[in-house]
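Hi,

Here is the structure I said I would pass on. Have a look at it first, and my notes follow underneath.

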Amino acid sequence: MGGNSPCASCKLLRRRCAKECIFAPYFPSDDPHKFAIVHKVFGASNISKMLQELPVHQRADAVSSLVYEANARTRDPVYGCVGAITYLQNQVSQLQMQLAVAQAEILCIQMHQDQHALANNMTTDPLLLMEEDENTFFGLQNNLPHHLLNFSTSSNSSNHVINYDSFKKESLYGHDMVS
C-alpha cells in the first residue's frame, strides 16, 4: 500500500506500511477485524512466513482459509474447524437416520394400504377370497403358539400330527375347507 493509508496489519502492529507489505493486498484498512483475529490465533510472523512461501495466485485463498480457521478457533479453541465439521457430520447422520425412518414408515403405510385395497378387491372374487383365507390360516398356524390355536395333537410313534377337527372353516360354497 505505502503512502497515506496503512493496511490493517500495519495499523494494528503500529508500524509503517511499506510498498512491498505482504499483508496489504489481503488485509485492507477498512476491515481491521479480519487481521486482528488471524493475528490473535496465528501471529503476524507466522502469517507472513506462510504467505511468502505461497505463490501470489494462492495467497488470497490462504488468507480466506486462515480467517475461517481463526474464527472457528475463537468459537471453539480446542477443536476449531474440526469441531464444526464433526458437528455437521453428526447432524447429517441424524438427518439420514430420520429420513430412513420416515421412508420405512411410508413403506409400511403403503403396504398397509395395498393390503387393505387387496382385501377390498378380494371380497368381490370368491376364488381369491378362498385362497386368501387359506393363506392367512396357514400363515397364522406357523406364527402362533400351539396352545392359542386349540389344536389337539396325537402321537403316531415319534411323529406329532396336528388334528384340525377343532378348527374347521367353511367356504362360501358351504363345504369344509379344512377337514
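Let's start with a pair of helices: helix 3 and helix 4 are roughly antiparallel to each other, because angles over 145 degrees count as such and their axes cross at roughly 150 degrees. Those axes come within 9 Å, and the crossing is right-handed. Keep in mind that this is a predicted model.

Who touches whom there? On the helix 3 side you'll find Ile 47, Met 50, Leu 51 and Gln 52, and they meet Arg 59, Val 63 and Leu 66 of helix 4. By type, the residues of this contact split into five nonpolar, one polar and one charged.

Now to helix 2, which spans residues 32-42. Which of its residues are buried? Phe 35, Ile 37 and Val 38 are. These three cover an arc of only 165 degrees around the axis, so they sit on the same side of helix 2. Go round to the other side of helix 2 and you get His 33 and Lys 40, which are exposed.

What do the buried residues of helix 2 pack against? They pack against helix 1 (8-13), helix 3 (44-53) and helix 4 (56-75). That brings the pair from the start of this mail back in: helix 3 and helix 4 contact each other and are both packed against by the buried residues of helix 2.

One last thing for your backbone checks: Gly 43, just after helix 2, takes a positive phi of about 90 degrees.

Cheers

How values were computed
Residues numbered from 1 in each chain as written. Predicted model: local features only at pLDDT ≥ 70, side-chain atom pairs only at ≥ 80, totals over all residues. Heavy atoms only, no water. Buried < 20%, exposed > 50% of the residue type's maximum accessible area, 1.4 Å probe, protein only. Helix = DSSP H or I, 4+ residues; strand = E, 2+ residues; numbered from the N terminus. Arc of directions from axis to C-beta. Contact = heavy atoms within 4.5 Å. Axes fitted to C-alpha atoms, helices over the stretch in contact; angles between N-to-C directions. Parallel < 35°, antiparallel > 145°, perpendicular 65-115°, else oblique. Left-handed = near helix turned anticlockwise from the far one by under 90°. Nonpolar A, V, L, I, M, F, W, Y, C, P; charged D, E, K, R; others polar.
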